[in-house]
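Welcome, and please have a look at the entry below before reading on. The report starts with the overall picture and then turns to the ligands, the core and the backbone.

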Amino acid sequence: MNEFINFDEISRETWQNLYKTSIAPLTHDELESIRSLNDEISLKDVQDVYLPLVHLLRLYKKNLEDMSFSKGLFLQKIVKTPPLIIGISGSVAVGKSTTARLVQLLLSRAFPKLSVELVTTDGFLYTTDDLKNRGILDRKGFPESYDMERLLAFLYHVKNGEKCEIPIYSHETYDILPDQVQTIDSPDILIVEGINVLQNPQNQMLYISDFYDFSIYVDAEEELIEKWYLERFDSLLKLAKYDTTNFYHQFTKMSTSKVVNLAKETWARVNRINLKEYIEPTRNRAEVILHKSENHYVDKIYLKKF
Ligand SMILES: Nc1ncnc2c1ncn2[C@@H]1O[C@H](COP(=O)(O)OP(=O)(O)O)[C@@H](O)[C@H]1O
Ligand SMILES: CC(C)(COP(=O)(O)O)[C@@H](O)C(=O)NCCC(=O)O
């Protein structure tokens, strides 16, 4: 059966004309803040792809508010609208965190009075010591390397309007930062980004999918993702060159060909396998699939029909 049977495939040309008239063009300051986020992001993509996406998100937000109001009428009590939770998933290095930061920025612009928070599921990885103790250091990123119970509990507390503290992962130290936490204090919108966002742990009472009001899967051909992974590896090495505390510093002493081989091997042995076995199979759980081609250009969008 066609994996996308449940989706409308929308070309970029069609998508970019949806809701165009109702969106004000980006101001100079907004363009600057997008550039400071990642100066590689195409501003044309922002205008053509991400602004209509944010418009769609407005509809989901409105729907959540209407439903809470109607529930309140039914129950004859005030039902507070819970935060809208948006999941963003896809392969390692496909551009999830860049997309997530962009969506956060554009949502803050669309809803200036609301708080829009972003968390990454990397924070729920076990620490390097824990991974060693469990004998799964080489399985970082695979389902068993995350404390999914803790992620599930976190989403429950956020939906319930409670203040939470969660761990922070650093790509630079390649580990959870000791003694540092991210505080999430009853946001109106929460974006959760990570390779495992659409994976399906369940404890005895809760299903993770119940907590997402909207989800996005960022997709691309494997060869492109590998290329972006290798490019990011190179950027991480450049950042690490003079920083002995950085995990990547050790690789800056190696010859270029050795480093390239190491990165290629890590892609093939770990991240590619994870993509094929555990991440890509969750793709059709998303509400929207953003399909990217060369240079992160979004060429197709799939929107779930029902
Ligand atoms: N829209 C984009 N335009 C240009 N470059 C991008 C875009 N999205 C991601 N990148 C680049 O691709 C690489 C991987 O992106 P990143 O957001 O770190 O991926 P992920 O969070 O999925 O691991 C980074 O080097 C990033 O700068
Ligand atoms: C921390 C991660 C699991 C998550 O990835 P992200 O999508 O944030 O890049 C990944 O970056 C990772 O470290 N994978 C293990 C193999 C590697 O070193 O690339």
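## Burial and overall build

A residue is called buried here if 20 or more other C-beta atoms lie within 10 Å of its own, and exposed if 12 or fewer do. By that yardstick, 29% of the 306 residues of the protein count as buried. Please keep in mind that this is a predicted model.

The protein's secondary structure consists of eight helices and nine strands. Its radius of gyration is 20 Å, close to the 19 Å that the globule rule gives for 306 residues, so the protein is as compact as a globular protein of that length. Along the principal axes, the C-alpha atoms fill a box of roughly 65 × 45 × 45 Å. Contacts across the sequence are plentiful in the following sense: when pairs at least 6 apart are considered, 71% of the contacts join residues at least 24 apart.

## The annotated loop

An unreviewed UniProt entry carries the annotation "binding site" for Gly90, Ser91, Val92, Ala93, Val94, Gly95, Lys96 and Ser97. Two of these residues deserve a visit. Ala93 sits in the loop between β2 (84-90) and α4 (96-110), and Val94 belongs to the loop between β2 and α4 as well.

Ala93 counts as buried because it has 22 C-beta neighbours inside 10 Å, where 20 or more are needed. Val94 is buried too, with 25 other C-beta atoms within 10 Å. Beyond residues up to four places away in sequence, Ala93 touches Ile225, Trp228, Tyr229 and Arg232. With the same exclusion, Val94 touches Val218, Ala220, Ile225 and Trp228.

## Around ligand 1

Ligand 1 has 16 residues around it, and Glu40, Gly95, Lys96, Ser97 and Thr98 come nearest. The elements giving two or more residues to this shell are α4 and α7 (222-240). The largest share, four residues, is supplied by α7.

By class, the shell around ligand 1 is made up of five nonpolar, seven polar and four charged residues.

## Around ligand 2

Which residues surround ligand 2? They are Val92, Ala93, Lys96, Ser97, Asp122, Lys140, Gly141, Ile195, Thr266, Val270 and Asn271. At least two residues of this shell come from each of α4 and α8 (256-279), and α8 makes the largest contribution with three.

Sorted by class, the shell around ligand 2 holds four nonpolar, four polar and three charged residues.

## The nonpolar core

The largest nonpolar core has 59 residues, of which Ile85, Ile86, Ile88, Leu155, Ile189, Leu190 and Ile191 touch the most other members. Helix α4 gives the most to this core, with six residues.

Ile191 is a good place to look around. Apart from its neighbours within four places in sequence, Ile191 is in contact with Ile86, Ile88, Ala100, Val103, Gln104 and Leu118.

## Two positive phi angles

Gln76 is not a glycine, yet has a positive phi of about 55°. Gln76 is found in the loop between α3 (43-75) and β2. Is Gln76 buried or exposed? With 6 C-beta neighbours inside 10 Å, Gln76 counts as exposed, since the limit for that class is 12 or fewer.

Ala93, met above in the loop between β2 and α4, also has a positive phi, of about 70°, without being a glycine. Unlike the exposed Gln76, Ala93 is buried.

Terms used:
Residues numbered from 1 in each chain as written. Chains lettered and ligands numbered in written order. Predicted model: local features only at pLDDT ≥ 70, side-chain atom pairs only at ≥ 80, totals over all residues. Rg over C-alpha atoms; globule rule 2.2 N^0.38 Å. Contact = placed C-beta atoms within 7 Å. UniProt positions renumbered as here; feature names shortened; annotations may be inferred. Near = placed C-beta within 6 Å. Nonpolar A, V, L, I, M, F, W, Y, C, P; charged D, E, K, R; others polar. Core = buried A, V, L, I, M, F, W, Y, C linked by C-beta atoms within 7 Å.
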